[in-house]
Amino acid sequence: MYLAEILQAAVKAQASDVILKDGMPPMFRINTELGPLPGADPLTLEQVQNAASTVLYDERKKTSFENERHADLAFDMPGLGRFRINVYRQRNRLGIVVRTIAPRIRSFAELNLPPVVERLANEKRGLIVVTGPTGSGKSTTIAAMIDHINRTYARHIITIEDPIEYVHHDQRSVISQREIGNDINDFPSALRAALRQNPDLIMVGEMRDLETIDTAIMAAETGHLVMSTLHTVDAPETITRIIASFPEDRREQVRIVLANVLRGVISQRLIRNADRTDMVPAVEVLVGSMRVRECIDKNRVRELHDVMAQGQATYGMQTFDQSLLELLRAGKISYEEAIAYCSNPADFQLQARGMNAGAAFGEFESRSHVETAAERA
């Protein structure tokens, strides 16, 4: 099969990821489940090599692949869409992983994001961090936030990405998208340069190292709005990870600065919906309230979970379990999925039983009663 055929099939099947390796058919990840493309034969080594040659047409990427044994890039296929591709070597042969990028940027409502995300996007300065594991929708959420700003405000937005995923077009705002390798050498130098380019918003694709984190916090401290991502599982771990990135003799100062500049942490997990045909995000949100600032400043990060739980009505904060309860109440996820992803199953079960969770929870209870009756029989 040619790469174009595989990507067409992936888009049609709404696969989030594609894995290509010789000796196996193309593997599609659909709603977290990995399986072969139906009816496809195993790929030959030549087919995988041809696919790699198709995407590694740029001399710079070829050189990067030859030197580092892997290359990360974006690839446009006219009439089909945009893809993020990683080419790598395994057992001295080629492997390719493709991430599909939605053809258009979806709104907060379409993404099932809580209203507080839009409120955070309306901030004029400070630091906003979107976190979660690979494939949890971090880039999609940030793209929605940037698109909202672009449509609503007249600002200069600079994005620093590796590679550029969602392509933004100027609307009310002016957007400058800079790609590592093509437009600038690395994240730290791009971020420092951005400070001299009259930005209102700087989006850093990922805070990968101490220098990038340090510069991002400094940019937020000097009055800019900075957005970025981290591979952390929840809001408290995000705070801990940022502070722990610094040498011990700087952590006290960083804690004080972070407490002042942090506007919010959005942590995501994608969960299969009730009929298992799509994914919905469970979203934990930390908002930089006075109490949150105090917890960070005084090194009481362990208290943040309770602060989020108690700040739902006033600030729109929520824990993962509160988000799961809301999704369950709305019938968007099943009780089984909620229990599988919740942080505290015992407490979650008590809260779920105390609410009218609709058909999703009622069906689970009915099954439980039937199973219990069968066991007694």
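This text walks through several helices of the structure and two of their buried residues. The model is predicted.

Start with helix α5, which covers residues 138-152. It has 15 residues. From its first C-alpha to its last it reaches 21 Å, close to the 21 Å expected at 1.5 Å a residue. How much of α5 is buried? The helix is mostly covered, with 12 of its 15 residues buried. The buried stretch includes Thr140, Thr141, Ile142, Ala143 and Ala144. Charged names appear in the list too, among them Lys138 and Asp147. His148, Ile149 and Asn150 are also buried.

Next come helices that pack against each other. Two packed helices are described by the angle between their axes and the distance between the axes. Helix α9 is a good place to apply this. It spans residues 251-261, and it meets both α7 and α8.

Take α7 first, residues 210-221. The axes of α7 and α9 come within 10 Å and cross at roughly 50°. The two helices are therefore oblique to each other. Their crossing is left-handed. Which residues meet here? From α7 come Ile217, Ala220 and Glu221. From α9 come Val254, Val257, Leu258 and Val261. By class, the residues of this contact are six nonpolar, no polar and one charged.

Now turn to α8, residues 235-244. Its axis and that of α9 come within 9 Å and cross at roughly 135°. That angle makes α8 oblique to α9. The crossing of α8 with α9 is right-handed. On the α8 side, the contact uses Ile239, Ile242, Ile243 and Ala244. On the α9 side, it uses Arg251, Arg255 and Leu258. This contact has five nonpolar, no polar and two charged residues. Leu258 of α9 thus has a part in the contact with α7 and in the contact with α8.

What else covers α9? Its buried residues are Val254, Arg255, Val257, Leu258, Ala259 and Val261. Their cover includes α7 and α8, along with β7 (126-131), β12 (262-272) and α10 (290-297).

Further along the chain, α13 (residues 320-329) packs with α15 (residues 345-353). Their axes come within 11 Å and cross at roughly 35°. The crossing is right-handed. Asp321, Leu324, Leu325 and Leu328 of α13 make the contact with Phe348, Gln351 and Ala352 of α15. Sorted by class, the contact has five nonpolar, one polar and one charged residues.

Look closer at Phe348, which is found in α15. Is it buried or exposed? Its relative accessibility is 0%, so Phe348 counts as buried. Beyond its neighbours within four places in sequence, Phe348 is in contact with Asp321, Leu324, Leu325 and Leu328. Its other partners are Ala338, Ile339 and Cys342. The C-alpha atoms of Phe348 and Glu303 are separated by 19 Å, and the two residues are 45 residues apart along the chain.

Finally, go back to Val48, in helix α2 (residues 45-55). At 1% relative accessibility, Val48 counts as buried, because buried means under 20%. What does Val48 touch? Leaving out residues up to four places away in sequence, Val48 touches Lys21, Asp22, Leu43, Leu94 and Ile96. Ile158 lies 110 residues from Val48 in sequence. In space, the two are 36 Å apart, C-alpha to C-alpha.

Note on methods. Residues numbered from 1 in each chain as written. Predicted model: local features only at pLDDT ≥ 70, side-chain atom pairs only at ≥ 80, totals over all residues. Heavy atoms only, no water. Helix = DSSP H or I, 4+ residues; strand = E, 2+ residues; numbered from the N terminus. Expected span 1.5 Å × (residues − 1). Buried < 20%, exposed > 50% of the residue type's maximum accessible area, 1.4 Å probe, protein only. Axes fitted to C-alpha atoms, helices over the stretch in contact; angles between N-to-C directions. Parallel < 35°, antiparallel > 145°, perpendicular 65-115°, else oblique. Left-handed = near helix turned anticlockwise from the far one by under 90°. Contact = heavy atoms within 4.5 Å.
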